[in-house]
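This report walks through selected sites of one protein chain. Keep the sequence and the coordinates at hand while reading.

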Amino acid sequence: MSKAEPKGAWLRLVVALAISTIGGSGFWSVVVALPAVATAFSVTRADASLAYAATMGGYACGVVVMGRLADRFGIALPLAAGTLALGLGDIAVGNAPSLSGFALAQGLLVGVGSAAAYTPLVANISLWFTRRRGVAIAICASGNTLAGAIWPSVLQHFFGTLGWRHTFVALGLFCLATMLPLIPVLRRRPPAQPSGPAAAVP
């Protein structure tokens, strides 16, 4: 019979889910903002979608970079770097002088920052569970889906009341204020993983 999960594993999962849900805002903010951004910069919706493409490109590169950092230094360093990139990126987006500046901030900062809050975090959580590994991975991975359920309506409301620029700045400050304090909970390295027949999960 497999051993019980290490002490603190479930707390880590709750914290990881919270970070993933908050960090997932980077995926959705640009989508909701596109109509307002197109109007603000007097461009077509198709031109404004360049920012979305930049975000996804930044995310694709970010998961590789953040994954390598997590393998070498543990999850705390890439999470801290990603949180700073996401928070400062949102603030930069809110102050972007042009569509190109908007897209660059989204790709180089927001996209890369969001990457740290998903794939490397899910991989790290998998190292803390044996009996309930599949459930733990599914719960952690659902943070991105929860973000999609929560953030679009929240952001749409504030885009309409505060304007998209002020909302992005506030979002960046919110990410910094909520994600950074949670990272120390995840600093401890995962326990050694069993190998061979003993590693089999019934």
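Does S42 count as buried or exposed? S42 counts as exposed, because its relative accessibility is 67% and the exposed class begins over 50%. The model is predicted, and the values below are computed from it. S42 is found in the loop between α2 and α3, the latter spanning residues 45-48. Its backbone deserves a look. Phi of S42 is near 55°. That is a positive value in a residue other than glycine.

**The core**

The largest nonpolar core holds 46 residues. Within this core, I19, F102, L121 and W164 touch the most other members. Several elements give two or more residues to the core: α1 (9-23), α2 (25-40), α4 (50-73), α5 (76-94), α6, α7 (119-126), α8 and α9 (164-179). In soluble globular proteins, nonpolar side chains tend to be buried together.

Take W164 as one of these members. Leaving out residues up to four places away in sequence, W164 touches A36, V37, A40, F41, V93, F102 and F159. F102 in that list is itself among the core residues that touch the most other members.

**Helix α6 and its contacts**

Helix α6 covers residues 99-116. Q106 lies in α6, and G107 is placed there too.

Which residue has a side chain joined to that of Q106 by a polar contact? The partner is T55, at 2.8 Å. Q106 counts as buried because its relative accessible area is 0%, and buried means under 20%. Beyond four places in sequence, Q106 touches G26, S29, V30, A51, T55, V93, G111 and F168.

G107 is buried as well, with a relative accessible area of 8%. Not counting residues up to four places away in sequence, G107 touches A54, T55, G58 and V112. T55 is therefore a contact of Q106 and of G107, where contact means heavy atoms within 4.5 Å. The C-alpha atoms of G107 and Y59 are separated by 7.4 Å, although these residues are 48 apart along the chain.

**Other helix sites**

Y52 is placed in helix α4. In space, Y52 and F27 are 8.5 Å apart, C-alpha to C-alpha, with their positions 25 residues apart in sequence. Leaving aside neighbours within four places in sequence, Y52 is in contact with V30 and V31. V30 also appears among the contacts of Q106.

T83 lies in helix α5. How much relative accessible area does T83 have? The value is 1%, so T83 is buried. With residues up to four places away left out, T83 touches C175, L176, M179, L180 and I183.

**A nonpolar patch on the surface**

Where are nonpolar residues found on the surface? L146, I150, V154, F158 and L162 make a nonpolar surface patch of about 380 Å². One of them, F158, lies in helix α8, residues 133-161. F158 counts as partly exposed, at 35% relative accessibility.

**Accessibility side by side**

| Residue | Relative accessible area | Class |
|---|---|---|
| Q106 | 0% | buried |
| T83 | 1% | buried |
| G107 | 8% | buried |
| F158 | 35% | partly exposed |
| Y52 | 36% | partly exposed |
| S42 | 67% | exposed |

Notes
Residues are numbered from 1 along each chain as its sequence is written. This is a predicted model: local features need pLDDT of at least 70, side-chain atom pairs count only at pLDDT 80 or more; totals for chains, interfaces and linings use all residues. Side-chain values use heavy atoms; hydrogens and water are left out. Helices (H or I, at least four residues) and strands (E, at least two) are DSSP runs, numbered from the N terminus. Buried means under 20% relative accessible area, exposed over 50%, partly exposed in between (1.4 Å probe, protein chains only). Patches are made of residues with over 30% relative accessible area and no salt bridge: like charges are joined within 9 Å, nonpolar side chains (Val, Leu, Ile, Met, Phe, Trp, Tyr) within 5 Å. Accessible areas come from the Shrake-Rupley method with a 1.4 Å probe; for residues, only the protein chains shown count as cover. A salt bridge is a side-chain nitrogen of Lys or Arg within 4 Å of a carboxyl oxygen of Asp or Glu. A nonpolar core is a set of buried Ala, Val, Leu, Ile, Met, Phe, Trp, Tyr and Cys residues joined through side-chain atoms within 4.5 Å. A polar contact is a pair of N or O atoms within 3.5 Å; within protein, one must be able to donate a hydrogen and the other to accept it, and residues adjacent in sequence count only if both atoms are side-chain atoms.
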